[in-house]
Amino acid sequence: MKFLKALSGFLMLFVAMNISAQKKIEKFEKLQIDMFPKAKEGFKQVYIQLPIAKNESDLKVEFFVGIEKMLDCNKHFLMGKVNVQDLQGWGYNYYEVESNGETGGTLMGCPDQKKKKKFVSLQPEIVRYNSKLPLVFYVPKDFEVRYRVLRPDVGMKKAVQK
């Protein structure tokens, strides 16, 4: 009898947690990416699908195109660029990456000469937030795209007048 009470209590708790977790699930627009071109040889197509958000006009997306490499203590950056392309007939943009994976960086002396795996990227770019359209990228096969959503501060601040 005690076992059945404990089991039913556990099941009710599980159902309640599941319902509250479903409420927190982000909602996404159904996106189509079939109209975008296929990736060229040596490249892959990746995309970012943003969840529906309140006040999307207040949000921005910062994306980083890069690769993980074994690097020393210096500050490193990836050489190359991201080109914005127009998807003819659709009015959408997509991004093509030009980079051979070479890095540049500072020339500080690293006392321990140890190398660590680090994500090194091209210059990050900021674009507007739009959950209705995917951000589509064509990157070399060993590259990846990371991103973060930038949100405004609570209130506007006023500049100081001299």
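From the N terminus onward, the elements of the protein chain follow the order α-β-β-β-β-β-β-β-β-β-β. The chain thus described belongs to a predicted model, and its elements amount to one helix and 10 strands. Of the 162 residues in the protein chain, 27% are buried. The area exposed by the chain is about 12500 Å², of which carbon and sulfur atoms supply 56%. Among contacts between residues at least 6 apart in sequence, 80% join residues that are at least 24 apart.

The nonpolar interior was examined next. In soluble globular proteins, nonpolar side chains tend to be buried together. In the present model, the largest nonpolar core contains 21 residues, and F63, V65 and F137 are those with the most contacts inside it. Two or more residues of this core are given by each of the elements β2 (60-71), β5 (92-98) and β9 (135-140). Strand β2 provides the largest share, namely five residues. When residues up to four places away in sequence are not counted, F137 touches K44, Q45, V46, I48, F63, V65, Y95 and V145. Two of the residues in this list, F63 and V65, are also named with F137 as having the most contacts inside the core. A second core, separate from the one just described, consists of six residues and includes I33, F36, Y94 and V136.

A charged residue in the interior was then considered. E56 is placed in the loop between β1 (43-48) and β2. This residue is buried, yet no salt bridge is formed by E56; K132, the nearest side chain of opposite charge, is 5.5 Å away. A salt bridge requires a side-chain nitrogen of Lys or Arg within 4 Å of a carboxyl oxygen of Asp or Glu, and the separation of 5.5 Å between E56 and K132 does not meet this limit. A polar atom of the E56 side chain does, however, lie 3.1 Å from the backbone nitrogen of A53. Apart from residues up to four places away in sequence, E56 touches P51, Y129, N130 and S131.

One of these contacts, Y129, is located in the loop between β8 (125-128) and β9. Y129 has a relative accessible area of 4% and is therefore buried, since burial is assigned under 20%. The side chain of Y129 reaches the backbone oxygen of P51 at a distance of 2.5 Å. With neighbours within four places in sequence left aside, Y129 is in contact with L50, P51, A53, E56, L59, K60, V61 and V149. P51 therefore appears among the contacts of Y129 and also among those of E56. Although Y129 and D58 are 71 residues apart along the chain, their C-alpha atoms are separated by 8.1 Å.

Backbone geometry was also examined at two loop positions. N55, which lies in the loop between β1 and β2, has a positive phi of about 50° although N55 is not a glycine. The relative accessibility of N55 is 54%, so this residue counts as exposed, the threshold being over 50%. Q113 is placed in the loop between β6 (103-105) and β7 (116-121). The phi of Q113 is likewise positive, near 55°, in a residue other than glycine. Q113 is exposed because its relative accessible area is 62%, a value over 50%.

Note on methods:
Residues are numbered from 1 along each chain as its sequence is written. This is a predicted model: local features need pLDDT of at least 70, side-chain atom pairs count only at pLDDT 80 or more; totals for chains, interfaces and linings use all residues. Side-chain values use heavy atoms; hydrogens and water are left out. A nonpolar core is a set of buried Ala, Val, Leu, Ile, Met, Phe, Trp, Tyr and Cys residues joined through side-chain atoms within 4.5 Å. Buried means under 20% relative accessible area, exposed over 50%, partly exposed in between (1.4 Å probe, protein chains only). Helices (H or I, at least four residues) and strands (E, at least two) are DSSP runs, numbered from the N terminus. Contact means heavy atoms within 4.5 Å. Lys and Arg count as positive and Asp and Glu as negative; His and the chain ends are not counted. A polar contact is a pair of N or O atoms within 3.5 Å; within protein, one must be able to donate a hydrogen and the other to accept it, and residues adjacent in sequence count only if both atoms are side-chain atoms. Accessible areas come from the Shrake-Rupley method with a 1.4 Å probe; for residues, only the protein chains shown count as cover.
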